[in-house]
Amino acid sequence: MVYLHRAKKCAFLCFTWGVYACCISFITPVEFGVHSVAQAQGLTTIDSTVASLDATWEKRADLHPAILAFLKSKPKISDSYEILHRIARLGYYGGFFALPRDASDEEKIDIFKYALDNADRARKSEPKRVEGHYWYAVNLGGWGIAKGIRASLGSADSMRQALDDAIKIDPKY
């Protein structure tokens, strides 16, 4: 992953500015152009398996309707760390990139909250793994942006702690 390197830089800037949640705007997805099995099979639905979530992530730019339908349905997820952090990652993408530009703040909040809950479950189930902490911070930032500046400021300490935990676990993530 290339995200933490960017997150470290923008976290310093945002912390300096006092608006920690702004750092999320600097984190962009990296498109690799990988053609997945899901794309070849015409994936239009997503299920809560590692294979399906990974295939969806690989071709996320082409699957916005399926991603949104999946996230809005809020499927109950098992306590599998591998699934929880992948749902949180997909929630980040759904909230920032899959929703149309004119989407309401309530829609964004709903998606980020679902992703945030799954990321929190992931980091609690495997506190020594980096993904849960990282995606928790990213989705908390998205939630804060959608809620407004007061919510962003109110969540800054939690976001910073999650990013600090991620850096302690794997500084290169």
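Helices in this predicted model are DSSP runs of at least four residues, numbered from the N terminus. With that numbering, K74 falls in the loop that joins α4 (64-73) to α5 (81-98). Its backbone deserves a look, since the phi of K74 is near 45 degrees, a positive value in a residue that is not glycine. K74 counts as partly exposed because its relative accessibility is 37%, and partly exposed covers the range between 20% and 50%.

From this loop the reader can turn to the interior, where the largest nonpolar core comprises 41 residues, and where L53, I67, F70, I87, Y134 and W135 are those with the most contacts inside it. At least two residues of this core come from each of α3 (50-58), α4, α5, α6, α7 and α9, and the largest share, nine residues, is supplied by α5.

Helix α5 also takes part in the largest pocket, for α5, α6 (105-125) and α7 (130-147) each contribute at least two residues to its lining. This pocket holds about 250 Å³ of space, and its lining consists of G95, F96, F97, L99, P100, R101, D105, K108, F112, G142, I145 and A146. By residue type, the lining divides into seven nonpolar, two polar and three charged residues.

Helix α9, which supplies at least two residues of the core, runs over residues 156-169; at 1.5 Å a residue its 14 residues should span 20 Å, and its end C-alpha atoms are indeed 20 Å apart, so the two values agree. The buried residues of α9 are A156, M159, A162, L163, D165 and A166. In an α-helix there are 3.6 residues a turn, so residues three or four places apart point the same way.

Notes:
Residues are numbered from 1 along each chain as its sequence is written. This is a predicted model: local features need pLDDT of at least 70, side-chain atom pairs count only at pLDDT 80 or more; totals for chains, interfaces and linings use all residues. Side-chain values use heavy atoms; hydrogens and water are left out. The expected span of a helix is 1.5 Å times one less than its number of residues. Buried means under 20% relative accessible area, exposed over 50%, partly exposed in between (1.4 Å probe, protein chains only). On a 1 Å grid over the protein atoms alone, a cavity is a set of points where a 1.4 Å probe fits but cannot get out, and a pocket is an open set with protein on both sides within 12 Å along at least five of seven lines; lining residues have an atom within 4 Å of a point. Grid points are joined across faces, edges and corners, and a volume is the space filled by probe spheres set on the points. Ala, Val, Leu, Ile, Met, Phe, Trp, Tyr, Cys and Pro count as nonpolar, Asp, Glu, Lys and Arg as charged, and the others, Gly among them, as polar. A nonpolar core is a set of buried Ala, Val, Leu, Ile, Met, Phe, Trp, Tyr and Cys residues joined through side-chain atoms within 4.5 Å.
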